[in-house]
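Here's a quick tour of a model, written for someone who likes to look at contacts and distances. Have the structure open as you read.

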Amino acid sequence: MRRFRDNAGGEWTAALWCGSYGEVLLVFSAAGRSDVFSLPLEAESLAAAESLLLTLDDPELVRRLAEARPWEH
């Protein structure tokens, strides 16, 4: 899990979710809001996704957040 701020100063959490068939999603939630967004992550396993998440800097997380869609769970 990672915390970061968007370009407007909003605080976000980026976490991982492993779905069926090994699909890994990057899930975003904003502090003080109930909205949740997700984006597929290019990782073949949860362990690989954890390593990848640690390498993403805040500007890259903001970029991926802009591409994310509302999470349909």
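## Thr 13 and its surroundings

Let's start with Thr 13, which sits in strand E2. One thing to keep in mind throughout: this is a predicted model. Is Thr 13 buried or exposed? Its relative accessible area is 14%, and since buried means under 20%, Thr 13 counts as buried.

Its side chain has a polar partner: Thr 13 and Arg 3 are joined side chain to side chain by a polar contact of 3.3 Å. Skip the neighbours within four places in sequence, and Thr 13 is in contact with Met 1, Arg 2, Arg 3 and Phe 4, plus Val 27, Phe 28 and Ser 29.

## Strand pairing

E2 has strand partners in E1 and E3. With E1 it runs antiparallel, joined by 4 bridges, and Phe 4 stands opposite Trp 12 of E2. The E1-E2 hairpin has 5 residues between the strands, and there Gly 9 takes a positive phi near 90 degrees.

E2 and E3 are antiparallel too, with 7 bridges between them. Trp 17 has Leu 25 in E3 as its bridge partner. This pair also forms a hairpin with 5 residues in between, and the turn holds Tyr 21, whose phi is positive at about 60 degrees. As a general point, side chains in a regular strand alternate between the two faces of the sheet.

## The nonpolar core

Which residues touch the most other members of the largest nonpolar core? Out of its 19 residues, they are Phe 4, Trp 12, Ala 14, Leu 26, Phe 28 and Leu 61. Two or more residues each come from E2, E3, E4, H1 and H2, with E3 giving the largest share at 4 residues.

Trp 12 is worth a click. Not counting residues up to four places away in sequence, Trp 12 touches a mixed set that includes Phe 4, Phe 28, Phe 37 and Leu 65, along with Arg 2, Arg 3, Asp 6 and Arg 33.

## Helix H2

Over to H2, which spans residues 58-67 and has Glu 60, Leu 61, Val 62, Arg 64 and Leu 65 buried. Those buried residues pack against strands E1, E2, E3 and E4 as well as helix H1. At the N-terminal end of H2, Asp 57 acts as a cap, with a side-chain oxygen 3.0 Å from the backbone nitrogen of Glu 60.

## Salt bridges

How many salt bridges are there? The count comes to 7. In general, side chains of opposite charge can pair when their charged atoms come close. One of the bridges joins Arg 2 and Asp 58, whose closest N and O atoms are 3.1 Å apart. That pair ties together distant parts of the chain, with Arg 2 in strand E1 and Asp 58 in helix H2, 56 residues apart. Arg 2 is buried at 16% relative accessible area, while Asp 58 is partly exposed at 34%.

Glu 60 shows up again here. Its salt bridge with Arg 63 has closest N and O atoms 2.6 Å apart, and the one with Arg 64 has them 2.7 Å apart. Why is the spacing to Arg 64 about one helical turn? Because Glu 60 and Arg 64 are 4 residues apart in helix H2. Both Glu 60 and Arg 64 are buried. Through shared partners, salt bridges join Glu 42, Glu 60, Arg 63, Arg 64 and Glu 67 into one network. Within it, Arg 63 is partly exposed at 38%.

Methods:
Residues numbered from 1 in each chain as written. Predicted model: local features only at pLDDT ≥ 70, side-chain atom pairs only at ≥ 80, totals over all residues. Heavy atoms only, no water. Buried < 20%, exposed > 50% of the residue type's maximum accessible area, 1.4 Å probe, protein only. Contact = heavy atoms within 4.5 Å. Polar contact = N/O pair within 3.5 Å; in protein donor to acceptor, adjacent residues only side chain to side chain. Pairing = 2+ DSSP bridges. Core = buried A, V, L, I, M, F, W, Y, C linked by side-chain atoms within 4.5 Å. Salt bridge = Lys/Arg side-chain N within 4 Å of Asp/Glu carboxyl O.
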